[in-house]
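Let's walk through a sheet and a buried side chain together. Have a look at the model first.

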Amino acid sequence: MKIMELTHVKKSFADATLHVLKDISLSVEKGEVVAIIGPSGSGKSTLLRCATLLTDMDAGELCYDGIFAAKNDENGRAVYADKATLKQVRGKFGLVFQNFNLFPHYSVLKNLTDAQIHVLGRSKEEAEHRARALLDKMGLGDRGSAYPCELSGGQQQRVAIARALAMDPEILFFDEPTSALDPELTGEILKVIRALADEHMTMVIVTHEMAFAREVADRVIFMSGGVIVEEGPARQVMDDPKEERTRQFLRNYQR
Amino acid sequence: MTLLTMIVKLAEGLGKTCAIFFLTLLFSLPLGMVVALLRMSKNRIVSGVTRFIISILRGTPLMLQLLAVTYGPYYLFGAGVARNKLIPVVVAFAINYAAYFAEIYRGGIESIPVGQYEAAEVLGYTRLQTFVRIILPQVIKRILPSITNEVVTLVKDTSMAFTVSYQEMFTIGKQIANSQTSFTPFLVAGVFYYVFNGVVDFAMGRIEKRLNYYQ
Ligand SMILES: Nc1ncnc2c1ncn2[C@@H]1O[C@H](COP(=O)(O)OP(=O)(O)OP(=O)(O)O)[C@@H](O)[C@H]1O
Ligand SMILES: [Mg+2]
């Protein structure tokens, strides 16, 4: 079953002749882990931002669970659904940012409960119960009353993952979740994502951690210059790429 | 006139000084937020007009604005000058301070990283919830030192109400000084202002400390 489907996405910014995304299509099955790799500036973040409604596509369609967030009109321009539909769609996904974006004025616990209470309408008890279970799972069971600034980067990112999971998304997007971390802290985040993959959480992960992508992803997508150059089963794309550009990119990552 | 009578008279004026002070804050702090939001409006005309009004309020003397609000209606429409001068005085102060607060609010709001809005949006907060629950608390913490500066200035600025002869402390001090040909009432008033600001400083310091639970 398809959880998310993006079709024929086109996007350019101020310079309309510079196409950041050129007709990209991507669909994700329930339980699938997709890794997106590619050089800097290839449009990976932009694609994720289009999928999470942070950036409007110029053209293309976006559908979650059969609900259309955007459809093309007769001129091939993306037209977004009404507010109520978009709110419903936002409930389907979560996003983990490169630089966490935790709410600094809220304690760790409140970072996890506030949206549950004020967006989902859960009771305080229910929200805290869910939050504590997630914090335990992230190995942060004792940090609920701390403030984000008191935590290490790795701990902050785990809180951010827990905050997204607390909303019970059907699919979770990650944009370079370890890039803002010191190398010795990336391991703890990769471990958490690996555990989520083992539970068959549906995930799309933009990453520069090639070994991790190869190991944890079911499917790898290689993007370059705003197009998907190659995609396929993780091992096949990583170990035996068909395209010269993929090969070149991966060669630069070998040490 | 004994020093004690002088102090009693000035203390009466201090009551009116406090009235200007608290009423000005009561109206200008929220009004400033409205002005800040208009100033940041996506509508070019709205933001442009607001910007122009702010520049006038900040670019002309408060004394002139006091005179304009108090006597303007008389010169323009032949309307009577308000009996109770507290009303025009507070109106002039509230509008003037709202302009300053608006610029402080705007700077604070614009200093919040865009990632905070994006995180809130993805979590499904409405725009109003995002502003009230996520942005505003962080803004208040950031701008508090600038607000304190303005509030301290306001304590001293209340003395400008003498231009329209509103009987606050400075106006009374000036009257006593004239009739007694003495500088003492000004010294006493100076001490009062100084103590007043000491209290303001202390109170604002307490609030800043309370917001220091995160950095
Ligand atoms: N808001 C924006 N305004 C203008 N140009 C933008 C904007 N966002 C992205 N771009 C441009 O779009 C292109 C793709 O950017 P994007 O961030 O999607 O790349 P990326 O693949 O995520 O790169 P990285 O690996 O460095 O994160 C870049 O050339 C970038 O300069
Ligand atoms: Mg990126």
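What follows is a short dialogue on reading these features.

Q: Before we start, what kind of model is this?
A: A predicted one: local features need pLDDT of at least 70 and side-chain atom pairs 80 or more, while totals for chains, interfaces and linings use all residues. Residues are numbered from 1 along each chain as its sequence is written, chains are lettered from A and ligands numbered from 1 in the order written, and side-chain values use heavy atoms, without hydrogens and water.

Q: How do I read the order of the strands in the open sheet of chain A?
A: Strands pair through backbone hydrogen bonds, either parallel or antiparallel. Strands here are DSSP E runs of at least two residues, helices H or I runs of at least four, both numbered from the N terminus; two strands pair if DSSP finds at least two bridges between them. In chain A, six strands run S7-S8-S9-S3-S10-S11, with mixed pairing. S7 (93–96) and S11 (227–233) are the edges, each pairing on one side only.

Q: Which way do S3 and S10 of chain A run, and how many bridges join them?
A: They're parallel, with four bridges between S3 (33–37) and S10 (219–224). One partner pair is A:Ile37 and A:Phe222.

Q: Is B:Ser28 buried or exposed?
A: Buried means under 20% relative accessible area, exposed over 50%, partly exposed in between (1.4 Å probe, protein chains only). B:Ser28, in helix H1 (3–39) of chain B, counts as buried because its relative accessibility is 0%.
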